[in-house]
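Please open the model in your viewer and keep the selection panel at hand. The tour proceeds by selections, each followed by a description of what is found there.

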Amino acid sequence: MQTKFLLVFLLGLATISLRGQSIKTTTTKGVDLLKFETFTVMKGEVMTPADEKKINENTLFQTLKGAVVKEMELRGYKFVEDSTAQLYVSYVVGSYNFTDGGSIGPLGQAPASNAAEMNQSRSWSHESRQGMMVLDISEGRTGKELWKATGTLALDGVDMSRALDAVIYKAFKKFPNRNKKKK
């Protein structure tokens, strides 16, 4: 009984942590990514103003690199540290404040308590911190872009390392798997 409860609880946490994410991937037409064997991860750009950064760039790079290496190796690609890599993985990340608002119409579904409130509309706003990430995989020899993943996620109250792992996991779900080719 406790095991079932724990499993349901963990699935609920996973759903909550992934709810604010959207990922879009694109592959260049006519490119067979399965022909490549090696890759490296290049340090990317952080597009957040210095006074708003909440994470160290080197920590961010190490977290992203670890997650990308894990996902690529699971798909049968070999990580190398040097320029002999056939694929270069780079990234651009950033964060920004997002304000969403709207009007719920006259009276806002609540009765007026006096005549002065009759024609006043009710509006709302919500401010949150959003993040964006672009993962780019290009051919090492030519620099031609082969694959790209673009994602956004809500950053309010999340563990940054876990959120990045989850976004990268979702991004690589549709990346070609070299291990399936062998079977």
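Select the interface of two helices: Leu60, Thr63, Leu64, Ala67, Val68, Glu71 and Met72 in α2 meet Ser161, Leu164, Asp165, Ile168, Tyr169 and Phe172 in α3. Contact here means heavy atoms within 4.5 Å. Helices (H or I, at least four residues) and strands (E, at least two) are DSSP runs, numbered from the N terminus. The model is predicted, so that local features need pLDDT of at least 70 and side-chain atom pairs count only at pLDDT 80 or more, while totals for chains, interfaces and linings use all residues. Residues are numbered from 1 along each chain as its sequence is written, and side-chain values use heavy atoms, with hydrogens and water left out.

Now display α2 (residues 57-74) and α3 (residues 160-172) in full; they pack at an angle of about 35 degrees, with their axes 10 Å apart. Axes are lines fitted to C-alpha atoms, for helices over the stretch in contact, and angles run from 0 to 180 degrees between N-to-C directions. The crossing of α2 past α3 is right-handed. In this usage, a crossing is right-handed if the near helix is turned clockwise from the far one by less than a right angle, and left-handed if anticlockwise.

Zoom out to the whole chain. The protein chain contains four helices and seven strands, arranged along the sequence as α-β-β-β-α-β-β-β-β-α-α. Of its 183 residues, 31% count as buried (under 20% relative accessible area; exposed is over 50% and partly exposed in between, with a 1.4 Å probe and protein chains only). Among contacts between residues at least 6 apart in sequence, 76% join residues at least 24 apart.

Next, select Phe172 and Phe175. Which arrangement do these two rings adopt? The structure holds six aromatic pairs; Phe172 and Phe175 form an edge-to-face one, at 5.4 Å centre to centre and 70 degrees between the planes. Rings of Phe, Tyr and Trp (its six-membered ring) pair if their centres lie within 6.5 Å; planes under 30 degrees apart count as stacked, over 60 as edge-to-face and the rest as tilted. Both Phe172 and Phe175 are buried. Add Tyr77 and Trp147 to the selection to show one aromatic cluster, formed by these residues with Phe172 and Phe175.

Centre the view on Tyr77, in the loop between α2 and β4. Tyr77 is buried, with a relative accessible area of 3%. Its contacts, not counting residues up to four places away in sequence, include Leu33, Phe36, Met72, Leu87, Phe175 and Pro176. The C-alpha atoms of Tyr77 and Phe36 are separated by 7.7 Å, although the residues are 41 apart along the chain. A polar atom of the Tyr77 side chain lies 3.2 Å from the backbone oxygen of Leu33. Add Arg178: its charged end sits over the ring of Tyr77, 5.7 Å from the ring centre. This label requires NZ of Lys or CZ of Arg to be within 6 Å of the ring centre and within 35 degrees of the ring normal.

Step back to Gly76, placed in the loop between α2 and β4 (78-79). Gly76 touches Arg178 and Asn179, not counting residues up to four places away in sequence. Gly76 and Asn177 are 101 residues apart in sequence and 6.5 Å apart in space, C-alpha to C-alpha.

Move to strand β6 (residues 121-139) and select Gln130. Is Gln130 buried or exposed? Gln130 is buried, with a relative accessible area of 15%. A polar contact of 3.1 Å joins its side chain to that of Ser128. Such a contact is a pair of N or O atoms within 3.5 Å; within protein, one must be able to donate a hydrogen and the other to accept it, and residues adjacent in sequence count only if both atoms are side-chain atoms.

Finish with His126, also found in strand β6. His126 is partly exposed, with a relative accessible area of 47%. Beyond residues up to four places away in sequence, His126 touches Phe98, Thr99 and Asp100. The C-alpha atoms of His126 and Thr99, 27 residues apart along the chain, are separated by 5.5 Å.
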